[in-house]
Amino acid sequence: RLLFIAFLNAAPVAVSSTLFLFFVESRLAAPGMEGVLLLLFFLSAAAAAPVWSRLAESYGARPVLLFAMVVSIFAFGGALLLGPGDVWLFALICVASGFVVGADLTLLPAIFARRMAQIAPNAAEGFGLWSFMSKFTLAFAAIVLLPALDAAGFQTGTDNTAEALHLLGLLYAGVPCCLKLAAIALLATTDLKEN
């Protein structure tokens, strides 16, 4: 169950990673800004990790993680409303969403490790499956999303129809928010038998 939560929770990042370059280049009409925006995202995630760890020590890992997951929907959902020229607004979204991803990177693996210690202290294959799950989400995102964009007529480096750009926005921001909602629901209803 935790592995499935890991899949649902990692899938939004896999989706946005797969489509990030397309979104910045075509939806925001800001080619050349991809590197700066990615740097903002990853620096925010790295800076936030210790903050989420301290909060988890005070309030518990699951409540803090659930809070961060809810905030991530509001932080990232704003990308649905962006269009050409909204680079600075997207930069703020990168900072905010990167900050809450810091919780995903630290708290969910910690919850999994603690649960594995309770049920199978010597089960190294569990952590191998965890690593596989995070990598599998990238392949899954590419297999599902890229053909959908292609079917809509989306092409990089050219002018695209309004319909293709609209689909790009929905896939980039809408799908991750839906996946995150599913992860929240599953985590909230999972009995972790925490001591």
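Let's start with tryptophan 52. In this predicted model, Trp52 touches Val64, Phe67 and Ala68. It also touches Phe99, Val100, Gly102, Ala103, Thr106 and Leu107. That list leaves out residues up to four places away in sequence.

Where does Trp52 belong? It is part of the largest nonpolar core, which has 30 residues. Trp52, Leu65 and Leu107 are the residues with the most contacts inside that core. Six helices each supply at least two of its residues. They are α1 (2–27), α2 (34–59), α3 (61–77), α4 (87–119), α5 (124–151) and α6 (162–188).

There is another core, lying apart from the largest one. This other core has 29 residues. Among them are Leu19, Leu82, Leu149 and Leu168.

Now the helix pairs. Take α3 and α6. Their axes come within 9 Å. They cross at roughly 165 degrees. Anything over 145 counts as roughly antiparallel, so α3 is roughly antiparallel to α6. The crossing of α3 past α6 is left-handed.

Which residues make that contact? From α3 we have Arg62, Leu65, Leu66, Met69, Val70, Ser72, Ile73, Phe76 and Gly77. From α6 we have Tyr172, Ala173, Pro176, Cys177, Lys180, Leu181, Ala183, Ile184, Leu187 and Ala188. Sort the α3–α6 contact by class, and you get 15 nonpolar, two polar and two charged residues. Leu65 turns up here on the α3 side, and Leu65 was also named for its contacts inside the largest core.

Next pair: α1 and α6. The angle is about 165 degrees, and the axes are 9 Å apart. These two helices are therefore roughly antiparallel to each other. α1 also passes α6 in a left-handed crossing. What is the make-up of the α1–α6 contact by class? It has 21 nonpolar, five polar and two charged residues.

Last stop, serine 97. Ser97 lies in helix α4. Is Ser97 buried or exposed? Its relative accessible area is 6%. The cut-off for buried is under 20%, so Ser97 counts as buried. What does Ser97 touch, leaving aside its neighbours within four places in sequence? Phe41, Ala75 and Phe76. You have met Phe76 already, on the α3 side of the contact with α6.

To recap. Trp52 is among the residues with the most contacts in the 30-residue core. α6 is roughly antiparallel to α3, and α6 is roughly antiparallel to α1. Ser97, in α4, is buried.

How values were computed:
Residues numbered from 1 in each chain as written. Predicted model: local features only at pLDDT ≥ 70, side-chain atom pairs only at ≥ 80, totals over all residues. Heavy atoms only, no water. Core = buried A, V, L, I, M, F, W, Y, C linked by side-chain atoms within 4.5 Å. Buried < 20%, exposed > 50% of the residue type's maximum accessible area, 1.4 Å probe, protein only. Helix = DSSP H or I, 4+ residues; strand = E, 2+ residues; numbered from the N terminus. Contact = heavy atoms within 4.5 Å. Axes fitted to C-alpha atoms, helices over the stretch in contact; angles between N-to-C directions. Parallel < 35°, antiparallel > 145°, perpendicular 65-115°, else oblique. Left-handed = near helix turned anticlockwise from the far one by under 90°. Nonpolar A, V, L, I, M, F, W, Y, C, P; charged D, E, K, R; others polar.
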